[in-house]
Amino acid sequence: MRRLLAPLLAVLVLAGCTARPADPPAPAALAGGAATLPGPVPADLALRPPPGGAPAAPAFTGGLTDGTPLTAARLWADRPVVFTFFSSWCTTCADRQDALSELARRYRDRVVFVGVAGVDQADELQDYLRTHRVEYPVVVDDQQTVWRSYAVREPPAVVLVAKGGALLRGWPGGLDAAALEQRLGELVLAGPG
């Protein structure tokens with residue numbers, strides 16, 4: 001019996017020494033990064049045309065939370081865009097964010113929601129995005145260049161841009177999800193799918 005166990009133990013020891021360690025787990029994708037960019041425009045998307053004479057929205061390119069560049073004009077070329085200007089430390093932002101996140105999920109791909117985070121720390125921003133289930137792209141605006149181009153002085157603020165880039169309306173102080181949904185319902189003729 002001993003003679004049988006000795007070779008078996010030797011094999012087990014050698015197997016343990018030569019076994020390749022398990023690969024470390026892949027890092028989790030950053031909330032608000034490239035994985036949250038919209039899919040194709042739904043074929044049945046019907047939109048009311050923007051009012052004549054509406055000014056053009058300020059175009060910009062900014063980096064998402066994972067560094068992926070986002071060009072606003074590419075998004076509004078095909079569908080309306082809602083910009084939500086916020087900071088993780090803003091209590092009003094936090095109070096409204098869960099309902100805005102749900103609204104963004106209901107309108108997914110029909111209307112693109114884009115967060116614009118200013119005056120934030122990366123880890124606190126990630127905590128905020130995960131806590132409030134923000135599943136749309138978030139531009140990190142450390143220098144507040146995008147904020148200034150939209151005349152945002154403090155969070156929250158919401159801006160609605162029509163397909164094609166017409167600036168429809170901005171709400172300093174933000175807007176609750178129910179009021180925003182009413183505005184989206186006036187713009188998007190085919191309801192959220």
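The following exchange examines a predicted model through questions and answers.

Student: On what basis are the residues numbered and the values computed?

Tutor: Residues are numbered from 1 along each chain as its sequence is written, and side-chain values use heavy atoms, with hydrogens and water left out. As the model is predicted, local features need pLDDT of at least 70 and side-chain atom pairs count only at pLDDT 80 or more, while totals for chains, interfaces and linings use all residues.

Student: What is the order of the strands in the open sheet of five strands?

Tutor: Strands (E, at least two residues) and helices (H or I, at least four residues) are DSSP runs, numbered from the N terminus. Two strands pair if DSSP finds at least two bridges between them. The pairing in this open sheet is mixed, and the order of its five strands is 5-4-3-6-7.

Student: Which strands stand at the edges of that sheet?

Tutor: An edge strand here has a single partner strand, so one side of it is left without a neighbour in the sheet. The two edge strands are strand 5 (138–140) and strand 7 (167–172).

Student: In which sense do strand 3 and strand 6 pair?

Tutor: Strands of a sheet pair through backbone hydrogen bonds, either parallel or antiparallel. Strand 3 covers residues 81–86 and shares five bridges with strand 6. The sense of this pairing is antiparallel.

Student: Is Ala-157 buried or exposed, and which residue stands opposite Ala-157?

Tutor: Buried means under 20% relative accessible area, exposed over 50%, and partly exposed in between (1.4 Å probe, protein chains only). Ala-157, in strand 6 (residues 157–161), has 6% relative accessibility and therefore counts as buried. The residue opposite Ala-157 is Phe-85.

Student: How are the rings of Phe-60 and Tyr-150 arranged, and why?

Tutor: Rings of Phe, Tyr and Trp (its six-membered ring) pair if their centres lie within 6.5 Å; planes under 30 degrees apart count as stacked, over 60 as edge-to-face and the rest as tilted. A search of the whole structure finds nine aromatic pairs. The ring centres of Phe-60 and Tyr-150 are 6.4 Å apart and their planes stand at 90°, so the arrangement is edge-to-face.

Student: What is the arrangement of the rings of Phe-86 and Tyr-128?

Tutor: Phe-86 belongs to strand 3 and Tyr-128 to helix 4 (residues 122–131), 42 residues apart. Both residues are buried. Their ring centres are 5.2 Å apart and their planes are at 20°, so the pair is stacked.

Student: Which residues of the largest nonpolar core touch the most other members?

Tutor: A nonpolar core is a set of buried Ala, Val, Leu, Ile, Met, Phe, Trp, Tyr and Cys residues joined through side-chain atoms within 4.5 Å. The largest such core holds 28 residues. Those touching the most other members are Val-82, Phe-86, Phe-113, Leu-129, Leu-180 and Leu-184.

Student: What arc do the buried residues of helix 6 cover around the axis?

Tutor: The buried residues of helix 6 are Ala-177, Leu-180, Leu-184 and Leu-187, whereas Ala-178 and Gln-182 are exposed on the other side. The arc is that of the directions from the helix axis to the C-beta atoms. The buried residues lie on the same side of helix 6, because their arc is only 75°.
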